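Hi everyone, and thanks for making time for this. I'd like to walk you through one model today, so please have the sequence and the viewer open.

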Amino acid sequence: MRALIDSGPFVRDANVLRSRAAEHGYLALRGIPGPEAVAPLLTLIQDVAESLGLLQPACEGGTAPLVRPGAALTGTGYDDPRWLALQERVLADPRFAAVGDDAGVMTVLEAVIDGPVLTRRGDICRLALPSAPHQTTPPHQDHWYTGGTTNLWTVWIALTETPLDLGPLAVLPGSHLRGLLPHAGHGVGRQKVSVADDPHFAAAPLAAGDTILFNCLTVHCALPNITCDRVRLSVDYRYQPANEPIRIERVDGTRAGVCRRAHDDETRRSRRSSDSQRWRLNQETSRHGSDG
Ligand SMILES: O=C(O)CCC(=O)C(=O)O
């Protein structure tokens with residue numbers, strides 16, 4: 001495992017950010033948006049997850065919260081009703097959007113995208129429980145799930161201190177230059193690329209409010225949460241150039257965020273109201289996390 005290269009010191013240098021992002025397919029940004037910026041969102045997520053029976057009452061000091069004994073998510077995690085309730089309550093709260101719209105974050109995005117940026121392109125709040133290796137995010141490229149422009153960037157933000165054993169994000173530097181790789185696997189969010197034990201993955205212990213930004217073709221995964229009782233909390237937001245069309249067609253012909261079975265079922269049935277479709281698409285795009 002390699003270390004991440006910190007681009008935090010260059011946040012005011014658009015040329016350095018752009019050229020590093022183009023070369024490596026990612027930027028690690030320590031202190032962007034920073035611990036104060038994420039504190040209200042951390043409180044919100046802890047409160048909601050505690051009320052759903054997933055966490056013990058919050059600890060002080062930005063350390064990862066303790067799991068409620070016995071708490072586990074069913075299936076792939078993305079289809080557990082408590083996971084969906086968490087997304088519904090957190091994503092609707094202004095404290096969630098505030099972090100994705102943080103001025104420091106947006107400055108970096110505008111530098112990397114080199115122009116006006118469209119937000120809300122698939123955002124999600126994540127909680128990685130201990131003792132759940134089967135739910136650890138496998139290596140994948142977001143583009144497989146999101147479709148549309150390849151100039152789509154994800155901002156992944158740690159909400160508490162996230163040492164390696166808590167399972168932070170890992171990226172494969174330069175992998176965005178290989179184009180879209182074959183993905184295989186079953187279940188929501190379980191399609192992955194085969195890069196078994198590639199020693200070139202890069203990761204680092206993160207502090208609350210540290211960011212990893214990466215392109216939708218950059219292969220990434222989560223490290224497993226191998227703590228016995230701590231929960232990793234993070235959020236990820238997606239952005240694309242404002243002047244590019246929003247396309248939700250995946251390379252396999254399904255719509256982004258809608259799994260094949262749901263897509264086929266929906267095609268057979270007559271369509272429901274456009275409002276309910278939009279809601280489902282938002283939910284599924286979020287799950288992708290996105291499934292990505
Ligand atoms: O946080 C994770 O477990 C995975 C994140 C991810 O795959 C993403 O942000 O696209």
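Let me start with a small puzzle: leaving out residues up to four places away in sequence, which residues does K192 touch? Have a look on screen for a moment. What you should find is P138, P139, H140, H183 and G185. One thing to keep in mind throughout is that this is a predicted model.

Let's stay with K192 a little longer. K192 sits in the loop between strand 5 and strand 6. Is K192 buried or exposed? K192 counts as buried, because it has 20 C-beta neighbours inside 10 Å, and the cut-off for buried is 20 or more. W144 is another residue to pick out here: K192 and W144 are 48 residues apart in sequence, yet their C-alpha atoms are 9.2 Å apart in space.

Now let me step back to the overall picture. The protein has eight helices and eight strands. Of its 292 residues, 45% are buried. If you take the contacts with a separation of 6 or more, 83% of them are between residues 24 or more positions apart.

A second loop residue to look at is P168. You will find P168 in the loop between strand 4 and strand 5, the latter being residues 169-171. P168 counts as buried, since it has 23 C-beta neighbours inside 10 Å. Which residues is P168 in contact with, once we leave aside its neighbours within four places in sequence? The list is A158, T162, A203, L206 and L223. For that last one, L223, the C-alpha to C-alpha distance from P168 is 5.7 Å, while the two are 55 residues apart in sequence.

Next, please zoom in on strand 6. Why can we call strand 6 largely enclosed by the rest of the structure? Because five of the five residues in strand 6, residues 211-215, are buried. The burial covers both faces: on one side there are T211, L213 and N215, and on the other I212 and F214.

Strand 6 also has partners. Strand 1, residues 26-29, pairs with strand 6 in the antiparallel sense, over four bridges. In that pairing, L27 stands opposite L213. Strand 4, residues 153-158, also runs antiparallel to strand 6, and five bridges join them. There, W156 stands opposite I212. So if you click on L213 and then I212, you can see one residue from each face of the strand, with L27 opposite L213 and W156 opposite I212.

On to the helices, where I have two pairs to show you. Packed helices are described by the angle between their axes and the distance between the axes. Helix 2, residues 35-51, packs with helix 3, residues 81-91, at an angle of about 145°, and their axes are 10 Å apart. Their crossing is right-handed. From helix 2, the residues in the contact are L44, I45, V48 and A49, and they meet L86, R89 and V90 of helix 3. By type, that contact has six nonpolar residues, no polar ones and one charged.

The second pair is helix 1, residues 14-24, and helix 5, residues 103-113. Their axes come within 8 Å and cross at roughly 65°, and therefore these two helices are roughly perpendicular to each other. Helix 1 brings A14, L17, R18 and A21 to the contact, and helix 5 brings V108, A111 and V112. The split is six nonpolar, no polar and one charged. This crossing is right-handed.

Helix 5 has its own burial pattern: V105, V108, L109, A111, V112 and I113 are its buried residues.

Finally, some backbone details for those of you who like to check torsions. After helix 5 comes D114, in the loop leading to strand 2, residues 117-118. D114 has a positive phi of about 60° although it is not a glycine, and it is partly exposed, with 13 other C-beta atoms within 10 Å. S131 also has a positive phi, near 55°. S131 lies in the loop between strand 3 and helix 6, and 15 C-beta neighbours inside 10 Å make it count as partly exposed. And one peptide bond deserves a click: I32 and P33 are joined in cis, with omega about 0°, and P33 is in the loop between strand 1 and helix 2.

That's my tour, and I'm happy to go back to any view you'd like.

Conventions:
Residues are numbered from 1 along each chain as its sequence is written. This is a predicted model: local features need pLDDT of at least 70, side-chain atom pairs count only at pLDDT 80 or more; totals for chains, interfaces and linings use all residues. A residue is buried if 20 or more other C-beta atoms lie within 10 Å of its own, exposed if 12 or fewer, and partly exposed in between; C-beta atoms are placed from the backbone. Two strands pair if DSSP finds at least two bridges between them. Axes are lines fitted to C-alpha atoms, for helices over the stretch in contact, and angles run from 0 to 180 degrees between N-to-C directions. A crossing is left-handed if the near helix is turned anticlockwise from the far one by less than a right angle, and right-handed if clockwise. Two residues are in contact if their C-beta atoms, placed from the backbone, lie within 7 Å. Ala, Val, Leu, Ile, Met, Phe, Trp, Tyr, Cys and Pro count as nonpolar, Asp, Glu, Lys and Arg as charged, and the others, Gly among them, as polar. Angles under 35 degrees count as roughly parallel, over 145 as roughly antiparallel, 65 to 115 as roughly perpendicular and the rest as oblique.
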